[in-house]
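Reader: Hey, can you walk me through this one? Core first, then the sheet.
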Amino acid sequence: MTQTYPLDQLIRRLPKAKLPESARRHHSLVIVDLRAETVLDKKPLLAVGRDLRFFQISNRRHAEARGPNLKLRSPRTRRSLTLTISYEVSCPAGNEKRLALALADGDHPAAALNERIADWVDDFLRQQQAEGVDVCFEYERLRPRMIESLAQRARQETGAELIPHLRLELESKLRPFPVDTGNFPIRLSDYDREVSLKIVTELRVDSEKKVDACLYHDQLPRLRKLIMSVAREELVAKTTLHSFCNELTGAVQDLLREAVNRRLRPYGRQLAFLRLESTSRDKLSASSPTIEHPVACDVRECEDKIEVYHRLMMSLVDLGRFRSSRITDLEAWTKQHLDRITRDTLFETTYLDLLLDFGPDEI
C-alpha cells in the first residue's frame, strides 16, 4: 500500500517503477537529479552516478499541513513558549520545477518544507534577538511580520505560495481560572484586631496579554495567594472598619478590583467578577438606637427637682473609633453622660431663666 504524506495532493514523489506515461491535466512530471541539483527535461537512459527523484506537481490544488513546533525563548525571564505552525501551500503555474528542486531532498516533500520553515523562523528570530527584541513578550507584535517573512522566503526559495498559521501551543488551554480563598484574616487601618474576609472570583485571560497568560500559565495556582496578599496590603493601608462593614460591596470592592487587576496584569489575567464576603460584618456592626431618657435636675430658686426629658436619635459615623472605645452598652453609656452633662449645664440656671430662655442645644 502506498504511503500518503501531507502535501501529496500538491506534490507527490513517485516511485521510478510507477511513472505515468504522461502527466495528468494541470499536473506536471518533474525529474530532479539531486546529486547535480538540477532539473532534467526528460528521464535519462543511463542513471549511473545520478540520484534521480520524480515528482508529480499540481498547479491547481493546494495542500494543508502541520509544520514544525518551535521554541520562543525570553532572555529576560528565561521562560519559553512553544510555537505551533500549520500552513496552506500551493504552486503557481510555471513554478513546478523550482518547487520540485527545492523540496527534493528529504524523506518526502512535506518533511523538506517543514525543515525549511524551521530554518526561516530561526533566521527571523535570530535577527530580532540581535536587535535586542524579546521574541517571547513581543510575539503578538512580531507575528504579522513573521508570517510575511515566511511567505516571502517561500516564494523566493521554492516558488510556492505559502499561507502560514502561527499559534502558541498553550492558547487552547487558556480558560477562566476559578479562585475561592475561603475565609482568611485581614487587618484594617483603624482597628487593631483581625477580621475575616472571603474572596470569590474568576481569572479570565486579558485579551491584550495572551502571551503573558501563556508564559505564566504554570503560575495560576499561586495567584490565589497573590490575591490574598494584595487584599491584606490594600485593606490595612486604605480601609477603615466603618468602610469595611458598610461599603464591602461598594467602595471596598472597587478598591480591591483595581489593585488586584493591577497585580494580575503581568500574568496576563484579570478579574471576571469579584465577590467579597465577611463573617465579621454582622458581629462588628453596631446599631444606631433612639434613646429616651429623663434627667431630674436641681435648679436655683426652685424647691422641687426639674425633669428634663431627652430624646436622641444616634447615627454611627466611625465604626472603628466606636469599637476602639470599648463601649459595651451604648444606651447605658449615653444615659450616664446625659445625667452628668444635663446637671452640670443647668447647675447655675435659675428657674426663671429656664422658663424664659432654655436652650437644649447647650446640652
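Author: Below we go through the cores, the sheet and the helices on it.
Author: This is a predicted model, where local features need pLDDT of at least 70, side-chain atom pairs count only at pLDDT 80 or more, and totals for chains, interfaces and linings use all residues. Residues are numbered from 1 along each chain as its sequence is written, and side-chain values use heavy atoms, leaving out hydrogens and water.

Reader: Ok, how many residues are in the largest nonpolar core?
Author: 51, with Leu-7, Leu-72 and Val-89 having the most contacts inside it. A nonpolar core here is a set of buried Ala, Val, Leu, Ile, Met, Phe, Trp, Tyr and Cys residues joined through side-chain atoms within 4.5 Å, buried being under 20% relative accessible area with a 1.4 Å probe, protein chains only.

Reader: And what does Leu-7 touch?
Author: Not counting residues up to four places away in sequence, Leu-7 touches Ala-63, Ala-65, Tyr-87, Val-89, Pro-109, Ala-110 and Leu-113 (contact is heavy atoms within 4.5 Å).

Reader: Switching to the sheet: what's the strand order?
Author: β5-β6-β7, an open sheet with antiparallel pairing. Strands are DSSP E runs of at least two residues, helices H or I runs of at least four, numbered from the N terminus; two strands pair if DSSP finds at least two bridges between them.

Reader: Why do β5 and β7 each have one side without a neighbour?
Author: They stand at the edges, each with a single partner strand, so one side stays free in the sheet.

Reader: Where does Val-89 pair in β7?
Author: Its bridge partner there is Leu-162; β6 and β7 share 8 bridges.

Notes
Buried means under 20% relative accessible area, exposed over 50%, partly exposed in between (1.4 Å probe, protein chains only).
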